[in-house]
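Student: I would like to learn how to read helices. Please take me through some.

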Amino acid sequence: MSNFIDQKIKLAIDGAEKLLNKYEISIAPVDVEKIAGDMGIEVSRMKFSKDEISGAIKIKGKSGNPAIAVNEDHCKERQRFTIAHEIGHFILHSIDNFHIDSTEAVYFRDANATSSTTNIKEVQANQFAAELLMPKSMIVSDLQGGYKLNNSDDDVQIIARLAKKYNVSSQAMSKRIGNLVA
């Protein structure tokens, strides 16, 4: 089973890397809204009935155009992660191939889409988002350069500076670094 999950994670990482290469992105922060727009994905912000819902992606009606809705009440860093997560669903899970009728297919990013989830599609979309917003090559370069961690109280400040540079939360940056150096 682990090999299956590893393969799915690799697909997510490869998908994000291909997108970064396609748009020749080599500096942070990654402009996920521009990427979405270039891919023909409409991004809009709205209120959701439940705060734990971060966003959703669906194919709009008869036009067949993809659209991402983002919870406008969430902080900008979470909104960026949600957009990247939903782009991941679009690329990895054939959102563009859904048959649209009166019941539209929708993926929601909610409280169950955390890093501890066992839903492989959510795990993939989270990994895709992490790789897109915090590319391994850029993070490794930063950690080898001016952002060296040394297992001290300064690490919290370094992670906060990196989070600001990449326009992500300190929690997301800390988890990303942890996954890369593990």
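Student: What should the 17 residues of helix 3 (residues 76–92) span at 1.5 Å a residue?

Tutor: Some ground rules. This is a predicted model, where local features need pLDDT of at least 70, side-chain atom pairs count only at pLDDT 80 or more, and totals for chains, interfaces and linings use all residues. Residues are numbered from 1 along each chain as its sequence is written, and side-chain values use heavy atoms, leaving out hydrogens and water. Helices are DSSP runs of H or I, at least four residues, numbered from the N terminus. The expected span is 1.5 Å times one less than the number of residues. For helix 3 that should be 24 Å, and its end C-alpha atoms are 24 Å apart, which agrees.

Student: How many residues of helix 3 are buried?

Tutor: Buried means under 20% relative accessible area, with a 1.4 Å probe and protein chains only. In helix 3, 12 of the 17 residues are buried, so the rest of the structure largely encloses this helix. Among them are Phe81, Ile83 and His85.

Student: How do I describe two packed helices?

Tutor: By the angle between their axes and the distance between the axes. Axes are lines fitted to C-alpha atoms over the stretch in contact, and angles run from 0 to 180 degrees between N-to-C directions. Helix 5 (residues 136–144) and helix 6 (residues 154–166) pack at about 140°, with axes 12 Å apart. That makes helix 5 oblique to helix 6 (not under 35 degrees, over 145 or 65 to 115).

Student: Which residues of helix 6 make the contact?

Tutor: Leu162, Lys165 and Tyr166, where contact means heavy atoms within 4.5 Å. Helix 5 contributes Met138, Ile139, Asp142 and Leu143.

Terms used
Helix = DSSP H or I, 4+ residues; strand = E, 2+ residues; numbered from the N terminus. Buried < 20%, exposed > 50% of the residue type's maximum accessible area, 1.4 Å probe, protein only.
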